[in-house]
Amino acid sequence: MASELVGRVLIVGAGIAGMAAAISLRRVGAEVDLIDVDPDWKVSGAGLTITGPTLRAFGQLGVYDEVAAQGYVGEGIRVCGVDGEPLRDVPTAMPPGSGVCGSGGIARPVLHGILSARVLAAGVKPRLGVAVERLDQDADGVDVTFDDGSAGRYAMVVGADGISSRTRAQILPDAPGPVYTGQSVFRIIVARPAWVHQRHYFLGGVAKVGWTPISDTQMYLFAVERTPRRMREPAELRRGLVDLLTPYGGHVRRIRESIDEATAIVYRPLESFHLPSPWHVGRVIVIGDAAHPTTPQLASGAGMAVEDALVLAEEFGARGSVAEVFAAFTARRGERCRFVVESSIEIGRLEQEQAPPQEQTAVVERALAKLVEPI
């Protein structure tokens, strides 16, 4: 490996993108420091829907078997009407030889546990409750000052610190920021009936409703509403979700009837943007949601983050300079990530217009067909 790639790599952010980058870079021989501002290194949220391409990325990362064992993997998406009656099934099969199923789901804390265990097994011990105060670059490296008063010098810095990335602001102060898409989402975890074997969408109503199995016994239900940007008070969440689900029949109705004061509800506005390439300045680069945060319509945010990490490590192991690594990374990732962001926004637009279910699912099918292509 060329001399300028000999040295430590700093990864800022120990979420999915940061953990995947730490695992992948250690496999190609990089020395890695990983930091996260959260002193507890925990994750919030309900479930995570996983596409076939994301499962492929998990396979390349080496965690597919654990995801399959502790979460759910299967095939297809069942599209239903507001009354709960099936309209059609959307196929999700991956190409022959992929070695993974075409669809899946997992609880976010479970995935965090799988990835964090792999990080520790790779010899990376995260420094927690720490943020980057200052980045000073020269031709040979990056001097990093941390907010706890410590400092370090690195060959490369990877900002994997999410949609509100401080790293992005430090290197690209004029970059666009998150934009509200006009939709917000409720999520809850509920019992998974024995007859639920695949993801479901319920389309054609005022909201998009769906569920994804996340284990043998659980699934998570989501409901996406069109609304001016707002943060609901905790006391509003139960009534808001119940009202949103009221027009829906079938098993959605039974779930609605089971929602009570003890139901844990996660609610957040949907934001997105795509950072124009390149995503780096000198020896500092941003990946994952720091560069291309997407809405959940294609269930590909986690997949794009893991793919970023895999590609960055591949190029790190194959190139002779940081500039070459970042240029090759950008060439491979820019268009694919832009496609995911724009396709997800387009699906969200159709949902807000209450477009016919077949029009909404047509965009999903076209996008999934594109995403099965090799990374």
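The buried residues of helix α6 are covered by, among others, β13 (179-191), β15 (208-213), β16 (218-226), α7 and β17 (266-272). Helices (H or I, at least four residues) and strands (E, at least two) are DSSP runs, numbered from the N terminus. The model is predicted, so local features need pLDDT of at least 70 and side-chain atom pairs count only at pLDDT 80 or more, while totals for chains, interfaces and linings use all residues. Residues are numbered from 1 along each chain as its sequence is written, and side-chain values use heavy atoms, with hydrogens and water left out.

Helix α6 itself covers residues 234-245. Its 12 residues reach 18 Å from the first C-alpha to the last, close to the 16 Å expected at 1.5 Å a residue; the expected span is 1.5 Å times one less than the number of residues. Buried in α6 are L237, G240, L241, V242, L244 and L245, where buried means under 20% relative accessible area, exposed over 50%, and partly exposed in between (1.4 Å probe, protein chains only).

Helix α7, one of the elements that cover α6, spans residues 250-258 and holds H251. H251 is buried, with a relative accessible area of 17%. Apart from residues up to four places away in sequence, H251 touches P193, W195, W211 and M219; contact means heavy atoms within 4.5 Å. R256 also has its place in α7 and counts as buried at 16% relative accessibility. Leaving aside neighbours within four places in sequence, R256 is in contact with V242, L245, T246 and Y248. Between the C-alpha atoms of R256 and L244, which are 12 residues apart along the chain, the separation is 9.3 Å.

W195 and W211, both touched by H251, are linked with F202 into a cluster by ring pairs. A pair of aromatic rings is described by the distance of the centres and the angle of the planes. Rings of Phe, Tyr and Trp (its six-membered ring) pair if their centres lie within 6.5 Å; planes under 30 degrees apart count as stacked, over 60 as edge-to-face and the rest as tilted. By this rule the count comes to five aromatic pairs. In one of them, Y220 and F222 are tilted, with 6.2 Å from centre to centre and 50 degrees between the planes. Y220 and F222 are both buried.

F202 lies in strand β14 (residues 199-202) and is buried, with a relative accessible area of 2%. Not counting neighbours within four places in sequence, the contacts of F202 include C80, G84, K208, W211 and Y248. C80 is 122 residues from F202 in sequence, but 4.7 Å from it in space, C-alpha to C-alpha.

K208, a contact of F202, also has its charged end over the ring of Y201, 4.1 Å from the ring centre. A charge sits over a ring if NZ of Lys or CZ of Arg is within 6 Å of the ring centre and within 35 degrees of the ring normal. R127 is placed in this way over the ring of F146, at 4.9 Å from its centre.

Strand β14 runs parallel to β5, and four bridges join them; two strands pair if DSSP finds at least two bridges between them. I77 stands opposite R199 in β14. β5 also pairs with β6, in the antiparallel sense, over four bridges, and the bridge partner of R78 is D89 in β6. The hairpin of β5 and β6 has five residues between the strands, and in it G84 takes a positive phi near 90 degrees.

Further strands pair in a similar way. β9 (residues 132-138) and β10 (residues 141-146) are antiparallel over six bridges, with two residues between them in a hairpin. β10 also pairs with β11 (residues 151-154), antiparallel over four bridges. In the hairpin of β10 and β11, four residues lie between the strands, and G149 in the turn has a positive phi of about 95 degrees.

Strands β5 and β6 return in the surroundings of helix α10: its buried residues are covered by elements including β5 (77-80), β6 (86-90), α8 (301-318) and α9 (322-352). The buried residues of α10 are P357, Q360, T361, V363, V364, A367, L368 and L371. Seen down the axis of α10, they fall within an arc of 150 degrees, so they line one face of the helix; the arc is that of the directions from the helix axis to the C-beta atoms. Exposed residues Q358 and R366 are on the face of α10 turned away from its buried side.
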